[in-house]
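Welcome to a short tour of a protein model. Have the sequence and the coordinates open side by side as you read, and follow along strand by strand.

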Amino acid sequence: MRLNSTSRWICGFGLVTMLWLAASNAHALDIPLTLGLSVGQEIQFKPPPVGQARATSLMMSPGYKVSDNVRIDLGISYIQDTYRRGKVDFEVRPNLMVKLPGYSYYGRINLGFVHLLDGETGEKRPSIGATLGRTLTIAELPFFLEIALNPRTEKTKKDKFRLFWITEARVGFTFDLQD
């Protein structure tokens with residue numbers, strides 16, 4: 001399924017509007033929900049070529065605050081992978097975030113389900129990754145910066161499956177929908 005640029009923007013705007021309307025209802029019910037929006041860039045460092053740019057992604061992460069220092073998120077990512085000749089795909093990444101009390105640093109464990117539209121059978125195995133990040137407040141907006149290690153099995157250009165070691169840098173912001 002190929003969507004042109006205008007359709008992508010319309011779908012994205014509709015999705016954000018739907019989440020905004022749902023968030024206002026969650027606020028009225030006093031449910032501790034969050035919504036994160038971010039952009040990320042993957043870089044492959046094994047197998048060679050080291051430093052090869054991989055997927056660029058836009059991620060939306062609705063979440064639930066278990067406590068002040070623990071949050072569960074479901075990352076839904078729209079990716080465009082240069083390794084796959086610019087093919088568009090989706091990834092779902094449920095994760096658990098734990099923040100150090102009194103600090104702005106956090107760690108995250110994620111389970112990635114990659115290549116949902118375009119993947120081969122061997123590529124649909126879940127990947128387990130880890131993330132280290134920091135939250136920053138700039139002009140009262142809750143930004144975050146993070147770096148992740150997301151190894152996963154992919155099909156090589158020689159039609160064999162191999163473990164790819166991929167790191168990802170991500171920047172975005174997370175809104176607390178209860179406030």
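## Before we start

Strands here are DSSP runs of at least two residues, numbered from the N terminus. That is how names such as E3 or E7 should be read below. Please keep in mind that this is a predicted model.

## How the strands pair

Let us begin with strand E1, which covers residues 33-46. E1 pairs with E2 in the antiparallel sense, over eleven bridges, and one place to see this is Gln 41, whose bridge partner in E2 is Thr 56. The two strands form a hairpin with five residues between them. In that turn, Gly 51 has a positive phi of about 85°.

E1 also runs antiparallel to E9, and twelve bridges join the two. Leu 35 has Phe 175 as its bridge partner in E9, while Ser 38 stands opposite Gly 172 in E9.

E9 takes part in further pairings. Seven bridges join it to E7, again with the strands running antiparallel; here the bridge partner of Glu 146 is Arg 170 in E9. E8 and E9 pair in the antiparallel sense too, over four bridges, with Glu 154 opposite Arg 162. The hairpin of E8 and E9 has five residues between the strands, and Asp 159 takes a positive phi near 60° there.

## Salt bridges

How many salt bridges does the model hold? The count comes to eight. One of them links Arg 152 with Glu 42, where the closest N and O atoms are 2.7 Å apart. Arg 152 belongs to strand E8 (residues 152-155) and Glu 42 to strand E1, so this pair ties together parts that are 110 residues apart in sequence.

## An enclosed cavity

Rolling a probe the size of a water molecule over the atoms shows where empty space is left. For cavities of 30 Å³ or more, the count comes to one. This largest cavity has a volume of about 160 Å³. It is lined by 18 residues, and those closest to its centre are Met 59, Ser 61, Arg 108, Glu 146 and Arg 170. You met Glu 146 and Arg 170 above as bridge partners.

Which elements give two or more residues to the lining of the largest cavity? They are E1, E2, E3, E4, E5, E7 and E9. By residue class, the lining of the largest cavity divides into four nonpolar, seven polar and seven charged residues.

## The second largest pocket

Next comes an open space. The second largest pocket holds about 460 Å³. Among its 23 lining residues, Arg 71, Thr 135, Pro 142, Thr 174 and Asp 176 are the closest to its centre.

At least two lining residues of this pocket come from each of E3, E4 (87-99), E5 (105-112), E6 (127-138), E7 (141-149) and E9 (161-176). Which strand supplies the largest share of that lining? E7 does, with four residues. The lining of the second largest pocket is made up of nine nonpolar, six polar and eight charged residues.

## A nonpolar patch outside

Finally, turn to the surface. Tyr 64, Val 66, Ile 72, Leu 96 and Val 98 make a nonpolar surface patch of about 430 Å². Where does Val 66 lie? You will find Val 66 in the loop between strand E2 (52-65) and strand E3 (70-81).

Notes:
Residues numbered from 1 in each chain as written. Predicted model: local features only at pLDDT ≥ 70, side-chain atom pairs only at ≥ 80, totals over all residues. Heavy atoms only, no water. Patch = residues over 30% accessible without salt bridge, like charges linked within 9 Å, V, L, I, M, F, W, Y side chains within 5 Å. Areas by Shrake-Rupley, 256 points an atom, 1.4 Å probe, with all protein chains shown as cover. Salt bridge = Lys/Arg side-chain N within 4 Å of Asp/Glu carboxyl O. 1 Å grid on protein atoms, 1.4 Å probe; cavity = no way out; pocket = protein on both sides within 12 Å on 5 of 7 lines; lining within 4 Å. Points joined across faces, edges and corners; volume = space filled by probe spheres on them. Nonpolar A, V, L, I, M, F, W, Y, C, P; charged D, E, K, R; others polar. Pairing = 2+ DSSP bridges.
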